[in-house]
Amino acid sequence: MSIPSINTQVSEYWQPVKSASDQVTQTECHVTPNEGWCADGENLFAACLIPDGPELAPASKHAYERLIQLAHTLGYTNVYRIWNYIGSINTPNGNGLERYRDFCLGRAEAFETLHYTPASLPAATGIGFQQGGVVVFLIARKTPQATNIENPLQVPAYQYPRHYGPKAPSFARATVVKTHNGLWLYVSGTASIRNHISLHHSLEQQIAITIENIQTLLEETRKKFPDFKQVFCDSLKIYVRHHHDVPTVAKVFQNYFCVKPERSPVFISDICREELSLEVEGVFRS
C-alpha cells in the first residue's frame, strides 16, 4: 500500500504477526481501482479511495458504510484501527467548511447509521496530504473485541464542543487488542491538545505535550490490563507539518520511545488542526 504523499515516497506492507505454533493460512485478496482488501481468516486489511469533490461528507459517509459493512460481511466484526488521509485537510470546501470538519461529518453519520456507540469507536488517524480526495484504510479481526482507552487529560474526541465542526471527530484515543502473541496498544494520531484546546506556544511544547499524552495512554492501559508490562514500542508514524522541524521531532520521539528510524517513518503532512505542527501515532506491545 502506497502512502498518498508527494513529498515523501513511502510504501507500507502489512502482514499478521505469527508465532512458530501458528497454522499456515491462505490469504485471500480482492482489488478494484478504488477499493481493495486482504484477509487471512483472522485479520482483515481493507482500503478505499474517495474521489475529491466540492463536499466530502456524502462520499465519506457512503465509503465508510461500505467498507465497514464489507468487514462485517466477511466476518471481521472487530474494526479496531482506521487511518484517514485527507487531501487539503485545512482548506475550506465548496461551502466554506474546513475539509477535515466536512470529512468528520460524513464519518460520524456513517457510524451513527451503523449503530456504533462511543465506546465501540476504533482508534484512528486523520492526517492531511497535498491534494485529492480521501484514502481510508482499516484493520479488523474476527476475535477478540478491542478495548478502547481514553486519555483523562483530554476530552474524548467524540465529545468535542460544536465549534470544532457540525459533528465531533469519531474515534477513540487508543484501542487494545489481546491476542495469543500478547497485548497490542494502537495509539491514535496524538497531538499537543489538553482538554480540547491546542497548545502550540512552541515546537518544544508541542513535543512535550504529545509525549505526555502518549505516556498517559500507556499508563491508562496498565490500569485496565495489569499484564501490560515490559512494554516496548513496535512502531511509530511521525507527521510533521514543516520540513525544517523534521530532525528535531524525529530525534526526540525515536529516542524517547527507543524505536529505530526504519520503524518510525516521518511524513511531511498537514495536521488536522492548522495551528499544530506535529502528530504522532504508535503501536506498543507487551
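Me: Helices (H or I, at least four residues) and strands (E, at least two) are DSSP runs, numbered from the N terminus. The model is predicted. With that in hand, where does His-115 lie?
Reply: His-115 has a positive phi of about 65 degrees, although it is not a glycine. Its place is a loop. That loop runs between α2 and β5.

Me: Is His-115 buried or exposed?
Reply: Exposed means over 50% relative accessible area. His-115 stands at 71%. It therefore counts as exposed.

Me: Which loop holds Gln-230?
Reply: Gln-230 is not a glycine, yet its phi is positive, near 50 degrees. At 78% relative accessibility it counts as exposed. Its loop lies between α3 and β12 (232-240).

Me: How many helices and strands does the protein have?
Reply: Both kinds of element are present. The count is 4 helices and 14 strands.

Me: Why is the protein as compact as a globular protein of its length?
Reply: The C-alpha trace spans about 50 × 40 × 35 Å along its principal axes. For 286 residues the globule rule gives 19 Å. The protein is as compact as a globular protein of that length because its radius of gyration is close to that value, at 18 Å.

Me: What share of the residues counts as buried?
Reply: Buried means under 20% relative accessible area. The protein has 286 residues. Of these, the buried share is 56%.

Me: Which residues have the most contacts inside the largest nonpolar core?
Reply: Nonpolar side chains tend to be buried together in soluble globular proteins. Here the largest nonpolar core has 59 residues. Those with the most contacts inside it are Leu-44 and Leu-138.

Me: Which element gives the most to this core?
Reply: Several elements supply at least two residues each, including α1 (57-73), α2 (99-113), β3 (43-50) and β6 (134-141). The top contribution is 7 residues. It comes from β6.

Me: Which residues does Leu-44 contact, leaving aside neighbours within four places in sequence?
Reply: Contact means heavy atoms within 4.5 Å. Leu-44 meets Trp-37, Cys-38 and Ala-39, and also Ala-71, Leu-74 and Tyr-76. The list is completed by Leu-138, Ile-139 and Ala-140.

Me: How many residues are in the other core?
Reply: This core lies apart from the one with 59 residues. Among its members are Ile-211, Leu-217, Phe-257 and Val-266. Its size is 29 residues.

Me: Where is Gln-254 found, and is it buried or exposed?
Reply: Gln-254 sits in helix α4 (residues 246-256). Not counting residues up to four places away in sequence, it touches Ile-238, Val-259, Pro-261 and Ser-264. The cut-off for buried is under 20% relative accessible area. At 13%, this α4 residue therefore counts as buried.

Me: Is Glu-204 buried or exposed?
Reply: Glu-204 belongs to helix α3 (residues 203-224). Its relative accessible area is 53%. Exposed means over 50%, so Glu-204 is exposed.

Me: What separates the C-alpha atoms of Glu-204 and Val-252?
Reply: Along the chain, these two are 48 residues apart. In space, their C-alpha atoms are separated by 9.9 Å.

Me: What part of the exposed area do carbon and sulfur atoms supply?
Reply: The protein exposes about 13,200 Å². The part from carbon and sulfur atoms is 54%.

Me: How far apart are the mean positions of the positive and negative charges?
Reply: There are 25 positive and 27 negative charges. Their mean positions are separated by 5 Å.

Notes:
Residues numbered from 1 in each chain as written. Predicted model: local features only at pLDDT ≥ 70, side-chain atom pairs only at ≥ 80, totals over all residues. Heavy atoms only, no water. Buried < 20%, exposed > 50% of the residue type's maximum accessible area, 1.4 Å probe, protein only. Core = buried A, V, L, I, M, F, W, Y, C linked by side-chain atoms within 4.5 Å. Rg over C-alpha atoms; globule rule 2.2 N^0.38 Å. Areas by Shrake-Rupley, 256 points an atom, 1.4 Å probe, with all protein chains shown as cover. Lys, Arg positive; Asp, Glu negative; His and termini not counted. Charge placed at Lys NZ, Arg CZ, Asp CG, Glu CD.
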